[in-house]
Amino acid sequence: MQYVTNTKKDREQMLAALGLNSIEGLFSDIPRPIKEKFQGLELSEKSELEVVSALKRLEAQNANWENMTSFLGGGIYDHYIPSIVSHLISRSEFYTAYTPYQPEISQGTLTAMFEFQTMICELTGMEIANASLYDGATALAEAVIMAERIVGMGRMAVARSLVPDFRRVLDTYCGAAGIDVVEVPYTGRGQLDLRAIPADISALAIQSPNAFGVIEDPTQLDLGDGLLIVVANPISLGILAPPGELGADVVVGEGQPLGLPASFGGPLLGFFATHRRWLRKVPGRISGRTVDRDGKEGYVMAFQTREQHIRRERATSNICTNSALCALAATIYIASLGAEGLGELARLNLEKAHYLADRICSLPGYKLAFQAPFFNEFTIHVPVDPHRIRDSLKQAGFLVTDPGELEALGMQEALRFAVTEKRTREQLDSLVEKLGGIK
């Protein structure tokens, strides 16, 4: 059975226990405009066959990446996922695994976490990494909170070119923690304006590639006692220098490109890496490798500086778990590609994105918004209303990000395109042909 039916008497007894007179009372907190959208479904009196058929008809109305070509970006991308990823994470010993409280029966889970941490350290150029966080946005927010604990200035700076989803989560955390947030503008090249960075900050948070797709250069930064937090695209690290080698103190990011489907925006995977000296200030948990009294190698939960355990009021975070299954998928994904494969993947993304950018810029009125280097995502100034272009592209089977996201960042008459290894030359050329026909 895909759902459990209840008799009329069952429903009446449950409603009575809740002090309600009707099923509708259960949903009284849902705003009326939302409920009105679902009027007419009337699924409660239908058979299972009829319910499944009705839901499939609704499902068919969704735009998906099987019948649409995606150029969406901003942290979530349409990458190819090798079949080995879903095959392995679906094994029961992983699929049902949760918190490895007892190391004697959790060696597989702890080993996978340790390998994930090791791979993140190698990608980011940092010394330690935790076993993952909920998503990239919360990883950034946790990095800012950690920086405040270390430096204690009471305010932080953030690049305006941060992806809006990350910024919203960051503002929520900082508001609750009493940390002032100072926004740093970008230059005409789409990169951080170094002259506008304030003094006496706990941290500066930048994203590279940023919300415009532009690659930042952090090597010229001088933050005094402040920490440099870099939000990185893990695929770009297949060819770009690790942020740890460029002066970053904390490197975080969204791990969705590492073997996770985009779905409807989740589940996601946050990675978090930093210097060893701040080990006891890192949020979440860390798996460690050790030996028992007989010299046999084993894995343990080495650090759990969270309130659910012994630290309580001294906890570094209220993150109560980690995205272990998603981290396992990322670990399998990276291992299946290897270092050379990840580099080749990154080059494919880079080359295809630059091919499309060159083709689009050959159209009258279209030009790159910024001349700074970019990876697999770029922003284009367009000659007509970008909202109309987006709607026309959607009708033609192409998905691009809402231009309102760029407008919120100060970019008018612009569209952003993200290109992955999945995009074929035919798809890229078809997109350009469609753009050329929009007047």
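Two strands are taken to pair if DSSP finds at least two bridges between them. Strands (E, at least two residues) and helices (H or I, at least four) are themselves DSSP runs, numbered from the N terminus. On that footing, E11-E12-E14 is the order of an open three-stranded sheet with antiparallel pairing. Its edges are strand E11 (367–368) and strand E14 (414–418), each of which pairs on one side only. E11 is joined to strand E12 (residues 377–381) by two bridges, and these strands run antiparallel. Within that pairing, Lys367 sits opposite His381 of E12.

The model is a predicted one, in which local features need pLDDT of at least 70 and side-chain atom pairs count only at pLDDT 80 or more, while totals for chains, interfaces and linings use all residues. Residues are numbered from 1 along each chain as its sequence is written, and side-chain values use heavy atoms, with hydrogens and water left out.

A second open sheet has seven strands, and here the pairing is mixed. Reading across, the order is E2-E8-E7-E6-E5-E3-E4. Strand E2 (128–129) lies at one edge and strand E4 (180–184) at the other, each pairing on one side only. Helix H6 (residues 107–124) packs on this sheet, where it touches E2, strand E7 (250–254) and strand E8 (270–274); contact here means heavy atoms within 4.5 Å. The direction of H6 makes about 65° with that of E8, with axes taken as lines fitted to C-alpha atoms (for helices, over the stretch in contact) and angles running from 0 to 180 degrees between N-to-C directions.

Starting from the E2 edge, E2 and E8 pair in the antiparallel sense over two bridges, with Ala129 facing Ala273 of E8. E8 is also antiparallel to E7, and five bridges hold that pairing; Val250 is found opposite Thr274 of E8. How enclosed is E8 by the rest of the structure? Largely so, because five of its five residues are buried, buried being under 20% relative accessible area, exposed over 50% and partly exposed in between (1.4 Å probe, protein chains only). Both faces of E8 are covered, with Gly270, Phe272 and Thr274 buried on one side and Phe271 and Ala273 buried on the other.

Moving further into the sheet, E6 and E7 run parallel and share three bridges, and Val231 has Val252 of E7 as its bridge partner. Strand E6 (residues 227–232) is likewise parallel to strand E5 (residues 203–208), this time over six bridges. Among the pairs there, Ala203 is matched with Leu227 of E6, and Ala205 stands across from Ile229. E6 is mostly covered, six of its six residues being buried. Leu227, Ile229 and Val231 point one way from E6, Leu228, Val230 and Ala232 point the other way, and all are buried.

Just past E8 comes Arg276, in the loop between E8 and strand E9 (285–291). Is Arg276 buried or exposed? Arg276 counts as exposed because its relative accessibility is 54%. Leaving aside residues up to four places away in sequence, Arg276 touches Glu127 and Ile128. As for Ala232, 44 residues away along the chain, its C-alpha atom is separated from that of Arg276 by 19 Å.

Turning to helix packing, helix H7 (residues 136–151) and helix H8 (residues 164–177) pack at an angle of about 35°, their axes being 8 Å apart. The contact draws on Gly136, Ala137, Thr138, Leu140, Ala141, Glu142, Val144 and Ile145 from H7, and on Asp165, Phe166, Val169, Leu170, Tyr173, Cys174 and Ala177 from H8. Sorted by type, these contact residues come out as eleven nonpolar, two polar and two charged. In this sorting Ala, Val, Leu, Ile, Met, Phe, Trp, Tyr, Cys and Pro count as nonpolar, Asp, Glu, Lys and Arg as charged, and the others, Gly among them, as polar. One of the H8 contact residues, Cys174, counts as buried because its relative accessible area is 1%.

Finally, the cysteines. The structure holds zero disulfides, a disulfide being a pair of cysteine sulfur atoms within 2.5 Å. For Cys121, the nearest cysteine sulfur is that of Cys326, 19 Å away. Cys121 is counted as buried because its relative accessibility is 14%.
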